[in-house]
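Could you walk me through this fold, one question at a time? I would like to see how the pieces sit together.

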Amino acid sequence: MDKSLLTKSLIGVSSILLIAGAATLYWALNSSTHQATQSNESQSRHSAGPVPEKAMIASPLDQVKAKQTLETTKVILKAGDSLSRTLNRLGITDRQIAQLIQADSSKVLTSLQPGQKLTIQRWLPKQQLESLTLSSTPEKAYVFQHNPEQNLFSFTEQVAPIETRLRYQEVMIDNSLFLDGSRAGLNDKLLLALTDIFRWDIDFALDIRPGDRFAVLFEERFINGDRLDSGNIIAAQFINNGRIYEAIRYQINNGANYFTRDGLSLRKAFIRSPVDFTHVSSQFNPNRLHPIFKTTRPHQGVDYAAPEGTPVYSSGHGTISFVGEMKGYGNTVIIDHGKGYSTLYAHLSEFQEGLYTGQEIQQGNEIAKVGQTGWATGPHLHYEFRIQGQHKNPETVDIPYDSPMSKDELVNFLPYAQQVITRLQQSQSSDYSQYLSQLSRR
């Protein structure tokens, strides 16, 4: 074939293919644009925007709940309230209540108490119970959660974490320990603990006077940021009549106790006054004029006036060496405390039931009640304190310390005590710190 003719044929074929390809591309683009326009118009008729992925895969149960409202109701139980009566009032069916009881493996729902709180979550308007929480204490709760797949309730016990913080507080006494302490935000439980710590050194019925001060470092417990209650007193200072008393809490083998910064126990072998009295009606006096016989006779104890029937306590640990009636003393108890110490309690109205000679008694045990038997002109406790048979003034006698630390315990305690004292000093107000420095220079 002639070369020029072959070239012309190839050029012709190429032109035809290019025209056909262009036509196909134009048709495809136009068709795609038309379909996209139709699709967009169709979507715009059904939705104002793109359909969320979650909605496209929503289960039938989710679709049902989407039309309901989850409502939370809290109920404080009163006397006579039961689970069924409480939940029926909210529209919860007996069938759901039976499912709750079936899941209650600890039987907490069958022993509800007044003051407990129920938190109920239910779907409205169908009253489908979602969850029930029983709060038995601020830190403990029992949770019943509905499982929609099995249509049953699961049961779990939850304990909220308790956060412990230290709080420091100073108080000046103008009226009374409890009134001024309460005004400073301290509760009666903590103030009673404070008096118990210092009761061997301070008579809180007679010794407290306006101008006395105290500072206390104590624990406070919180749950989810809300204050629950007060805990242990970690350290305290009490200034009574210009004298400073200190106490530091420390755990040793026989339990927690309070000590001075030098490791001496604040707990003494004897309680200074073994009865809650109204006043001292007669002091220790070796030359007292007897109120009945009008003669000079030694008064070898202290008379604590108190209403008849007021409990009388053992001032220390020991053994009953006498219980019965004694001339002049009336109903009397004598306790042998060992190491030459003994105490006598007289003019009693009655003895503690079952009290007998040879019985071991602990410090603070009730042994009798105040009376006016024997040679007594009114209801009071006559109390004597003897060392090696010699009468001593119960109000001024030096009382030995109890529960001394061992050397090993003391080695560990002293650095800890210094840390606590430093914490107290860092917390003190300038006024309180200045007052302490003035007392220390006396």
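Here are some questions and replies about the model shown above.

Me: Before we start, what kind of model is this, and how are residues numbered?
Reply: Residues are numbered from 1 along each chain as its sequence is written, and side-chain values use heavy atoms, with hydrogens and water left out. Local features need pLDDT of at least 70, side-chain atom pairs count only at pLDDT 80 or more, totals for chains, interfaces and linings use all residues, and the model is predicted.

Me: How many helices and strands does the chain have?
Reply: Both are DSSP runs numbered from the N terminus: helices are H or I with at least four residues, and strands are E with at least two. Counted this way, the chain has 9 helices and 20 strands.

Me: What percentage of the residues count as buried?
Reply: Buried means under 20% relative accessible area, exposed over 50%, and partly exposed in between, with a 1.4 Å probe and protein chains only. The chain has 442 residues, and the buried share is 38%.

Me: What is the order of the open sheet that includes strand 6?
Reply: Two strands pair if DSSP finds at least two bridges between them. This open sheet has 5 strands with antiparallel pairing, in the order 6-7-8-9-10. Its edge strands, each pairing on one side only, are strand 6 and strand 10.

Me: Which residue stands opposite Gln237 in strand 9?
Reply: Strand 8 and strand 9 run antiparallel, joined by 6 bridges. Across from Gln237, in strand 9, is Glu246.

Me: What angle does the direction of helix 8 make with that of strand 9?
Reply: Axes are lines fitted to C-alpha atoms, for helices over the stretch in contact, and angles run from 0 to 180 degrees between N-to-C directions. Helix 8 packs on the sheet and touches strand 6, strand 7, strand 8, strand 9 and strand 10, where contact means heavy atoms within 4.5 Å. Its direction and that of strand 9 make about 130°.

Me: What span should helix 8 have, given its 21 residues?
Reply: The expected span is 1.5 Å times one less than the number of residues. Helix 8 covers residues 407–427, and its end C-alpha atoms are 30 Å apart, which agrees with the expected 30 Å.

Me: Where does helix 8 bend?
Reply: The bend at a residue is the angle between axes fitted to the seven residues ending there and the seven starting there. For helix 8 the bend is about 30°, and a proline, Pro415, follows within four residues of the place, which is Phe413.

Me: Which residues of helix 8 are buried?
Reply: An α-helix has 3.6 residues a turn, so residues three or four places apart point the same way. What covers the buried residues of helix 8 includes strand 6 (162–172) and strand 7 (213–223). The buried residues are Glu409, Phe413, Ala417, Val420, Ile421 and Leu424.

Me: Is Thr260 buried or exposed?
Reply: Thr260 lies in the loop between strand 10 and strand 11 (279–282). Leaving out residues up to four places away in sequence, Thr260 touches Glu246, Leu266 and Phe413. With a relative accessible area of 19%, Thr260 is buried.

Me: Which strands stand at the edges of the sheet ordered 1-2-3-4-5?
Reply: This open sheet has 5 strands with antiparallel pairing. Each edge strand has a single partner, so one side of each is left without a neighbour in the sheet; the two are strand 1 (69–76) and strand 5 (152–159).

Me: Which residue is the bridge partner of Val143 in strand 5?
Reply: Strand 4 (residues 140–147) pairs with strand 5 in the antiparallel sense over 8 bridges. In strand 5, the partner of Val143 is Thr156.
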